[in-house]
Amino acid sequence: MARRYGPRWALSGLTLDLPAATAVMLAGKNGAGKSTLLRILATAIKPDRGTASIDGFDVVRDREDVRKITALLAHQTYLYESLTARENLAVVADHLRRPRTRVGPALEQVGLASRADDPVAEFSAGMRKRLSFARLLLQEPRLALLDEPYGALDPPGFDLVDEVIASLRRGGATVVMATHHWERAAHICDSAVVLDEGRLIWQGAAADSLAHEPRWAS
Amino acid sequence: MNGIVVGGWEFVWAAYALTAIALLAYGVMVITRSREGRRRADAGPDRG
Amino acid sequence: MSADVKVLVAPRDTTPNALTAALRKELLLQWRTRGQLMAVFVFGAAALLLFSFAIGPSAVALRTFSAGFLWLGLLLSSTLTLAESFHIETEHNALEGLLLLPADARALYYAKAIANWLQLTLLGAALVPIMVVLYDAGTSRLPLLLAVIALGAAGLSAPGTLYAAMTARLQAKQTLLPLLLFPLIVPALLAAVKATSLVILGDPMGELRSWLGLLAAFDLIYWSLCGLLYGRVIDS
Amino acid sequence: MEAPFVSTHRFPWVLLVAGVICLAAGSWLGLFVVPAEHYMGDVQRIMYVHVPTAWTWMVVVLFSLGSAISFLFMNDLKWDTRMEAGLEIGSLLAFLLCCQGAIWAKPTWGVWWDWDPRLTSTAVLLFAFLGILALRKFVDDPTRRAIWSAVATIIASIDLPIVYFSVKWWNSLHQQQSSPETVASTFHLPLRLNAIGILLVVIALLALRSRVAGYRLREQLAEPPSFITSEPTGELA
């Protein structure tokens, strides 16, 4: 599978196996292709070469089916500034064609119940990230794709991320997390995959990734 | 209609000249570009 | 993922269909950003004022061209509202967020086009009193005038929404949107201006019906064609 | 999406030469041999270049529309290069038509622009095509640029007949009796010769211009690095 950005190859020649209901850490330097991989899995972008499939659904041909079972926490928040936190989630619930009853609990789960009716324009980066998490939880994905989940969060926020990942896994979902906080992530993930220059250079149990110093850690 | 239009050759020449010049200029531009493109393509096919 | 794991999908009966969900969002967004619509209205009114300065104080001239000024003012304002309608979608990539849920692209298009149409019709109606005062262009057939404004606004919002989606992320979007939109809506502009002036200045030869027919045909063609092509535009 | 194959066949040169010969012959006949038209006098000779240009322009617009539709269905960038050629040459021909029309209108009606429905529609489509060419300049990703400009080309081309009819009605109050196309039969030879001539020239230009676009695309779409296996697959989750 490969994805091209103009003349530069962001992700090329990658073969990857992610077992079900596990948490996988995706590590690698900036520009290693982590985000590109997540966006291809989430069907946000199409691979230029090769194929990828989730649960047997091809990310290009069966895009709608893949989208039904995946959820992406992207760099961008996917939120509407002028709407309140509750309204943002209500919009998502409507488009998921599900009742809005899940909006309240999702807000509580990410600790935004007190700010539910304030417009997102007044939110800090950390609170927006929490709201994005709530948005992801609403989708009840079978495959959660998290791009830098710890980004812009405060220490209590880190605990929230671990909690959310744990609750996703309890629900039987698989979590793929691209992150630079690999010491912390290694503790809660089962396996780890390391990318460099768009190519897979190491794969194994998350604990092992801490043991020896792979080249990318420097 | 204002009867027989007398003369007007300058307008005729203007129309023909403009068309000829425009097509010629565009043709030259396209031909040079396509030659240059081909030369660059032959020069570095393996550049990737 | 082993095949025997059953996927528990929540019940979907008590929920809106794709179009109403998208429409609900659009109307909510428009209510929340109504301040911007006010600003665009002031812009349109200022444009109408400038037109009268350009022509001069002769009441007769102003009155005969009042329909043209109204539509020019609305056309110039429309590029602002259309561009803004997609700025809120691309600001934090909310549109991609919806598409990944998944949400149906065609429903999103028609909801946005309808919202833009409502906004433009509202804008046009709000500019009518300005026109009546500045150009002494009153009419006893106000409902007919509003109908013409609504039809003309529909002709602007269908292609306008599509081109706003295309140019939303480009740097030169302020120039590209009008550059792409204005040549396209010439028939709608001709028909709308003609119909409006027939309503204001009287319709001795009963031409209004044929102009409204042309406007309706234009709307029909572009509301269906743009809906068809929208998926490809935001998909890439 | 695959970079398009660029042919290096020599047929455009043959067409170019043949076209120029026809144009020369047709123009020579139209300018010197054929008698002046009874009402219009010598000014009418502009028709021998204006009418063929108009016919060829129509062909180029249909070619662009066809290329745009083909690209949307087949996703093959070679159609995108052809559409780009069609858009550019279509704009050139439209511009020429407007100039010729103005040059013809001045001595005939005393004004540079007489709002003839055909000519006005050409001018409107000229601005539409220029807008699409501008759009192509601002979109970097080749796939997105191809899809967006194909969509815009389809929308603009379908608008052409609507513009024609709306201008025709709009302008019907002071419609002139004779339209520039009423040409007596004895004048057909220069007309046909020029028509064939300009058509051949334009086809050659289209072929060459789409090759230029093809070369540019090949440079922009770098080939994947050598170590890529032919069809890597990623079985995930």
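User: In chain C of this predicted model, what share of the contacts between residues at least 6 apart in sequence joins residues at least 24 apart?

Analyst: Let's stick to chain C of the predicted model and set aside pairs under that 6-residue separation. Of the contacts left, the part that joins residues at least 24 apart is 84%.

User: And how many helices does chain C have?

Analyst: Reading from the N terminus, the elements go α-α-α-α-α-α-α-α-α-α. The C-alpha atoms fill a box of roughly 80 × 35 × 30 Å along the principal axes, and 49% of the 236 residues count as buried. There are zero strands, and the number of helices is 10.

User: Take helix 10 of chain C: at which residue does it bend?

Analyst: Helix 10 covers residues 208–235, so 28 residues, and its expected span at 1.5 Å a residue is 40 Å. From first C-alpha to last it reaches 40 Å, close to that expectation. Still, there is a bend of about 35° in helix 10, and it sits at C:L229.

User: Which helix of chain D helps cover the buried residues of helix 10 of chain C?

Analyst: The buried residues of helix 10 include C:W211, C:L215, C:F218, C:W223 and C:Y230. From chain C itself, the cover includes helix 6, helix 7 (142–167) and helix 9 (186–201). From chain D, it includes helix 5 (142–170).

User: Where chain C touches chain A, which helix of chain C gives the largest share of the chain C side?

Analyst: That contact takes 28 residues from chain C and 30 residues from chain A. Helix 1 (18–32) and helix 5 (94–99) of chain C each supply at least two residues of the chain C side. By class, that side has 15 nonpolar, seven polar and six charged residues. The largest share, six residues, comes from helix 1.

User: How many nonpolar residues are on the side of chain B that touches chain D?

Analyst: Here the contact takes 26 residues from chain B and 35 residues from chain D. On the chain B side, six are polar and three are charged. The nonpolar count there is 17.

User: Which helix supplies the largest share of the largest nonpolar core?

Analyst: That core has 228 residues, and those with the most contacts inside it include A:M25, A:L145 and C:L215. A:M25, leaving aside neighbours within four places in sequence, is in contact with A:M177, A:W182 and A:C189, among others. The largest share of the core is 17 residues, and it comes from chain D, helix 6 (residues 188–220).

User: What is omega at the cis peptide bond between C:L101 and C:P102?

Analyst: Most peptide bonds are trans. The cis bond here joins C:L101 to C:P102, and C:P102 lies in the loop between helix 5 and helix 6 (105–135) of chain C. Its omega is about 15°.

User: A:T43 has a positive phi; is A:T43 buried or exposed?

Analyst: Phi of A:T43 is near 65°, and A:T43 lies in the loop between helix 1 (34–41) and strand 4 (51–54) of chain A. The cut-off for burial is 20 or more other C-beta atoms within 10 Å. A:T43 has 24 such neighbours, so this residue counts as buried.

User: What about A:E140, how many other C-beta atoms lie within 10 Å?

Analyst: A:E140 also has a positive phi, near 45°, and its place is the loop between helix 5 (125–138) and strand 7 (143–147) of chain A. A:E140 is partly exposed because its count of other C-beta atoms within 10 Å is 19.

How values were computed:
Residues are numbered from 1 along each chain as its sequence is written. Chains are lettered from A and ligands numbered from 1 in the order in which they are written. This is a predicted model: local features need pLDDT of at least 70, side-chain atom pairs count only at pLDDT 80 or more; totals for chains, interfaces and linings use all residues. Helices (H or I, at least four residues) and strands (E, at least two) are DSSP runs, numbered from the N terminus. A residue is buried if 20 or more other C-beta atoms lie within 10 Å of its own, exposed if 12 or fewer, and partly exposed in between; C-beta atoms are placed from the backbone. Two residues are in contact if their C-beta atoms, placed from the backbone, lie within 7 Å. Ala, Val, Leu, Ile, Met, Phe, Trp, Tyr, Cys and Pro count as nonpolar, Asp, Glu, Lys and Arg as charged, and the others, Gly among them, as polar. A nonpolar core is a set of buried Ala, Val, Leu, Ile, Met, Phe, Trp, Tyr and Cys residues joined through C-beta atoms within 7 Å. The bend at a residue is the angle between axes fitted to the seven residues ending there and the seven starting there.
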